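Q: Hey, I've got a structure to go through and I'm new to this. Can we chat our way through it?

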Amino acid sequence: MSVLSPDPIVATDAPEAASATPIRFVGPDGEIAPGARSWAERMGFKGRPGQVLAVPDADGGVDRVLVGVGQTFDPMSARALSAKLPTGLYRLDLDADAARPAALAFLLGRYAFDRYKARKDVADVRLVAPEGFDTGEAARIAAACALAREMVDTPPADMGPLQMETIAREIAEAHGATIAVVTGDDLLEQNYPAIHAVGRAAAPHRAPRILEIGWNLDRADRPLIALVGKGVAFDSGGLDIKSAAGMRNMKKDMGGAAHALALGRLVMQAGLDVRLVVLVAAVENAISADAFRPGDILSTRKGLTVEIGNTDAEGRLILADALTRAAEHSPGLTLDFATLTGAARVALGPDLPPLYTDDEALAADLLAASAEVRDPLWRMPLWPGYRAAIDSDLADVRNDSAGWAQGGSITAALFLQKFAPTTGVWAHLDVFAWNSRGRPGWPEGGEAQGLRAAYAMLKARYGKT
Ligand code: BES
Ligand code: MN
Ligand code: ZN
């Protein structure tokens with residue numbers, strides 16, 4: 001993260017809390033205190049969302065801050081505070097119920113990816129904890145989102161399969177979990193043929209691998225949760241090479257792996273009452289004389305053969321083997337995260353990740369959690385009528401889908417469904433993992449999507465009571 005203060009949240013009853021500058025959230029018709037009214041008018045403050053105005057006091061300090069919220073107040077707007085306020089200690093002038101999510105939003109908004117810049121942004125904005133705020137829990141959630149974003153933002157040369165492995169090892173070690181890694185040609189011996197095929201064209205130091213974290217596996221009394229992530233360090237498209245524009249942001253194609261690792265860490269930190277397996281298929285979809293080809297027929301760990309219609313549909317191939325591995329643990333619940341399709345963005349735009357599951361209770365719990373923590377998800381169908389679109393004349397299934405079916409995010413999800421564990425329930429999140437529109441609190445670049453929702457769902461189901 002950045003050089004900002006490591007302790008941005010100050011205890012509610014800390015001595016300095018009494019002198020904190022109040023932040024007041026104001027809508028278009030909101031009342032502004034008499035002392036600030038003419039200043040607000042002069043500065044053109046109208047309570048529009050995104051507007052922030054510091055009101056000076058008589059000594060040239062800041063007396064209060066006004067933040068525009070538009071017609072309805074969204075606590076997430078507090079993500080902008082770090083970017084917009086001068087250095088100082090502030091408190092939220094809100095009901096505690098609204099202040100708590102706003103304080104978490106403030107923490108999420110502190111993320112900055114400045115590791116490669118000599119000049120860092122140094123404004124040091126701190127906030128007094130609202131009444132009843134669990135600072136430790138909020139800090140862990142913000143750190144999980146920051147980890148996912150940082151992994152996505154890191155240039156592909158510095159976030160290859162090996163670096164994902166290193167991060168997975170650190171997470172496992174910190175929580176007494178086991179980690180097993182199968183790399184390179186060992187993938188063939190250990191029966192991960194699809195992961196091998198997709199990743200074998202990469203340079204030797206960026207060899208394909210599967211990472212498997214196991215936590216509490218001896219606790220047979222607990223439900224087993226599997227988290228699976230697509231870790232394509234860079235997606236050139238392979239031989240069906242992407243356009244320059246299409247390739248430009250493909251460092252983010254390990255976003256699913258970043259989400260699975262960050263969520264796995266959160267589950268372990270929270271000590272949820274589960275057994276946990278985190279599986280990451282980490283590869284680079286590169287081009288070389290040994291790259292897999294359109295027309296090739298790959299085998300998979302499950303035994304199903306896949307005809308390659310397009311080497312750019314690589315994510316579902318590596319997830320096929322990872323999901324098959326997950327199934328071997330007989331999980332009660334499997335969640336996978338993947339930057340799987342461009343079609344997901346065409347369907348729902350960049351900010352609304354499609355959620356796929358055939359389990360009504362899981363859908364309901366995830367959507368309820370999503371609304372509760374303001375981490376949007378939108379359910380899409382595993383529409384059986386499109387299954388025929390991934391039939392192949394020569395193999396058991398094809399990795400691209402027939403043109404008539406159009407809905408590319410759906411047909412990709414249907415492909416995964418053929419490999420997903422059937423012992424329990426399964427959900428797939430086709431995340432974009434990216435803010436395309438930079439704005440204060442949402443800088444252009446990596447974004448955690450569905451991570452907080454998934455965690456809230458898991459905590460509601462398996463948290464200590
Ligand atoms: N990683 C991409 C999907 C993607 C593209 C995610 C842009 C986010 C933004 C994936 O590997 C891919 O290339 N999918 C193809 C599949 C097609 C060839 C069947 C796609 O969506 O175009
Ligand atoms: Mn691709
Ligand atoms: Zn991809």
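A: Sure, starting with a term: donors are N, O and S atoms within 2.8 Å of the metal (3.2 Å for Na, K and Ca), and water is not among the atoms, so sites may look incomplete.

Q: Okay, and what spacing do the donors of the zinc ion (ligand 3) follow along the chain?
A: They follow K-x4-D-x17-D-x60-E. The protein donors are Lys230 (NZ), Asp235 (OD), Asp253 (OD) and Glu314 (OE), lying 2.0 to 2.5 Å from the zinc ion.

Q: Anything I should know about the model itself?
A: This is a predicted model, where local features need pLDDT of at least 70, side-chain atom pairs count only at pLDDT 80 or more, and totals for chains, interfaces and linings use all residues. Residues are numbered from 1 along each chain as its sequence is written, chains are lettered from A and ligands numbered from 1 in the order in which they are written, and side-chain values use heavy atoms, leaving out hydrogens and water.

Q: Back to zinc: why is the arrangement octahedral?
A: Because the six donor atoms around the zinc ion (ligand 3) subtend angles of 78 to 175 degrees. Six donors count as octahedral if opposite ones are over 155 degrees apart and all others between 65 and 115.

Q: And which atoms hold the manganese ion (ligand 2)?
A: Asp235 (OD), Asp312 (O), Asp312 (OD) and Glu314 (OE) coordinate the manganese ion, at 2.1 to 2.2 Å. Its six donor atoms make angles of 71 to 171 degrees, and that site is irregular, the label for anything that fits none of the named shapes.

Q: Which residue bridges the two metals?
A: That's Asp235, and the zinc and manganese ions lie 3.1 Å apart.

Q: Is Asp235 buried or exposed?
A: Buried, with a relative accessible area of 3%. Buried means under 20% relative accessible area, exposed over 50%, and partly exposed in between (1.4 Å probe, protein chains only). Glu314 is buried too, at 0%, and Asp253 is buried at 2%.

Q: New topic: how many residues surround ligand 1?
A: There are 16, and the closest are Lys242, Asp253, Asp312, Glu314 and Gly342. To count, a residue needs a heavy atom within 4 Å of the ligand.

Q: How far is a polar side-chain atom of Asp312 from an oxygen atom of ligand 1?
A: It's 2.8 Å. For Glu314 the distance is 2.8 Å, and for Asp235 it's 2.9 Å. A polar contact is a pair of N or O atoms within 3.5 Å.

How values were computed:
A polar contact is a pair of N or O atoms within 3.5 Å; within protein, one must be able to donate a hydrogen and the other to accept it, and residues adjacent in sequence count only if both atoms are side-chain atoms. Four donors count as tetrahedral if all angles lie between 85 and 135 degrees; four count as square planar and six as octahedral if opposite donors are over 155 degrees apart and all others between 65 and 115; anything else is irregular.
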